[in-house]
Amino acid sequence: MNEKRILIAEPSKELIEKILHSPLAKEYQFETAAHGTEALEKIGSFRPQLVYLDLLLSQVHGIEILKKIRLSSKQTGVIIASSNPMVQNYQAAVSEGANYFLEKPFEIRTLFQLFHTFFTS
C-alpha cells in the first residue's frame, strides 16, 4: 500500500476538523500538531511526505520548522499557509524551500488539490 503521509501543523482546531472530515481525506494518512514543538516531534516520529505548516505556529515559527525540514530532507513537501500574506512572508517561505504558499482563508478543496498535485508530480 502506498501511504501518503501528511502532517497538518495548524493551531485552528476548526480547520483541522474540516481537513480530517473532508470526503477527500480518505486518500491520505494524517497526523496533526497544534504548535511548533509538537510539529517538530511529529516530523521525526511520523516521517510525513508532505507537511502543511501554518506560518505563525506558537513556540516555533513556521519558517524555522521549514529550515529544519530542509536540513534533513529535500524530498519532503512543504505547504506554508498564512492569513498574513505579506511579500516578506512569501519570499521567506520560497527562499527556504517551500513547495507552495497558501493564503488563508482558503477552500478545503484547494488544499486537497495541492495534496493531489504533490503526490502525482
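Biologist: How many helices and strands does the secondary structure of the protein come to?

Modeller: In this predicted model, the count is five helices and five strands. Along the sequence they follow the pattern β-α-β-α-β-α-β-α-β-α.

Biologist: Thanks! What radius of gyration does the protein have, and what would a compact globule have?

Modeller: The protein has 13 Å, which agrees with the value near 14 Å for a compact globule with 121 residues. Its C-alpha atoms fill a box of roughly 35 × 30 × 30 Å along the principal axes. Buried residues make up 46% of the 121 residues.

Biologist: Let's take one helix. Which residues of α3 are buried?

Modeller: First the general idea: an α-helix has 3.6 residues a turn, so residues three or four places apart point the same way. In α3, residues 62-72, the buried ones are G62, I63, I65, L66, I69 and R70. These residues cover an arc of only 155 degrees around the axis, which puts them on the same side of α3. On the other side, L71 and S72 are exposed.

Biologist: And what covers the buried residues of α3?

Modeller: The cover includes α2 (36-46), β3 (50-54), β4 (77-82) and α4 (87-95).

Biologist: Now the rings. How many aromatic pairs are there?

Modeller: A pair of aromatic rings is described by the distance of the centres and the angle of the planes. Here the count comes to 10 aromatic pairs. For F118 and F119, the centres are 5.1 Å apart and the planes are at 85 degrees, so the pair is edge-to-face. Both F118 and F119 are buried, and they form one aromatic cluster with Y28, F30, F112 and F115.

How values were computed:
Residues numbered from 1 in each chain as written. Predicted model: local features only at pLDDT ≥ 70, side-chain atom pairs only at ≥ 80, totals over all residues. Heavy atoms only, no water. Buried < 20%, exposed > 50% of the residue type's maximum accessible area, 1.4 Å probe, protein only. Helix = DSSP H or I, 4+ residues; strand = E, 2+ residues; numbered from the N terminus. Arc of directions from axis to C-beta. Contact = heavy atoms within 4.5 Å. Phe/Tyr/Trp six-rings, centres within 6.5 Å; stacked < 30°, edge-to-face > 60°. Rg over C-alpha atoms; globule rule 2.2 N^0.38 Å.
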